[in-house]
Amino acid sequence: MKPASIAAQGLGWVDDHTRALAPPIHTSTTFIRDPDNQYRSGRSYARADNPAYDQAEAVIAQLEHGAAAALFSSGMAAW
């Protein structure tokens, strides 16, 4: 696909839970821990592991021909 198509279509992403075509915004939150106090969902705190970044990171990685990309909210780059 051409870069303009990748950017416009967002890699064809659809939210599995809500069927939304645009990613929902997740405010800061913590995620539920397993009974043994682990985070097996892969996310522990939304500022560092915000699901709203998943699609944008995938699109940027695809556009830049990279293996991955990382987005940070304001101030997180200094973390």
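Guide: Accessible areas here come from the Shrake-Rupley method with a 1.4 Å probe. In this predicted model, the protein exposes about 6,100 Å², and carbon and sulfur atoms supply 55% of that area.

Visitor: Thanks! What makes up the secondary structure of the protein?

Guide: There are two helices and zero strands. Buried residues account for 16% of the 79 residues.

Visitor: Why is Leu 11 called partly exposed?

Guide: Its relative accessibility is 38%. Buried means under 20% and exposed over 50%, with partly exposed in between, so Leu 11 counts as partly exposed. Leu 11 sits in the loop between helix 1 and helix 2, and its phi is near 65°, a positive value in a residue other than glycine.

Visitor: And why does Asn 37 count as partly exposed?

Guide: Happy to go through that one too. Asn 37 has 47% relative accessibility; because partly exposed lies between the 20% and 50% limits, Asn 37 counts as partly exposed. Asn 37 also belongs to the loop between helix 1 and helix 2, and has a positive phi of about 75° although it is not a glycine.

Visitor: How do you know that Asp 15 has no salt bridge?

Guide: The nearest side chain of opposite charge, Arg 19, is 7.5 Å away. A salt bridge needs a side-chain nitrogen of Lys or Arg within 4 Å of a carboxyl oxygen of Asp or Glu, so Asp 15 has none, yet Asp 15 is buried.

Visitor: Where is Asp 15, and what does Asp 15 touch?

Guide: Asp 15 lies in the loop between helix 1 (3-9) and helix 2 (54-63). Not counting residues up to four places away in sequence, Asp 15 touches Ala 20 and Pro 24.

How values were computed. Residues numbered from 1 in each chain as written. Predicted model: local features only at pLDDT ≥ 70, side-chain atom pairs only at ≥ 80, totals over all residues. Heavy atoms only, no water. Helix = DSSP H or I, 4+ residues; strand = E, 2+ residues; numbered from the N terminus. Buried < 20%, exposed > 50% of the residue type's maximum accessible area, 1.4 Å probe, protein only. Lys, Arg positive; Asp, Glu negative; His and termini not counted. Contact = heavy atoms within 4.5 Å.
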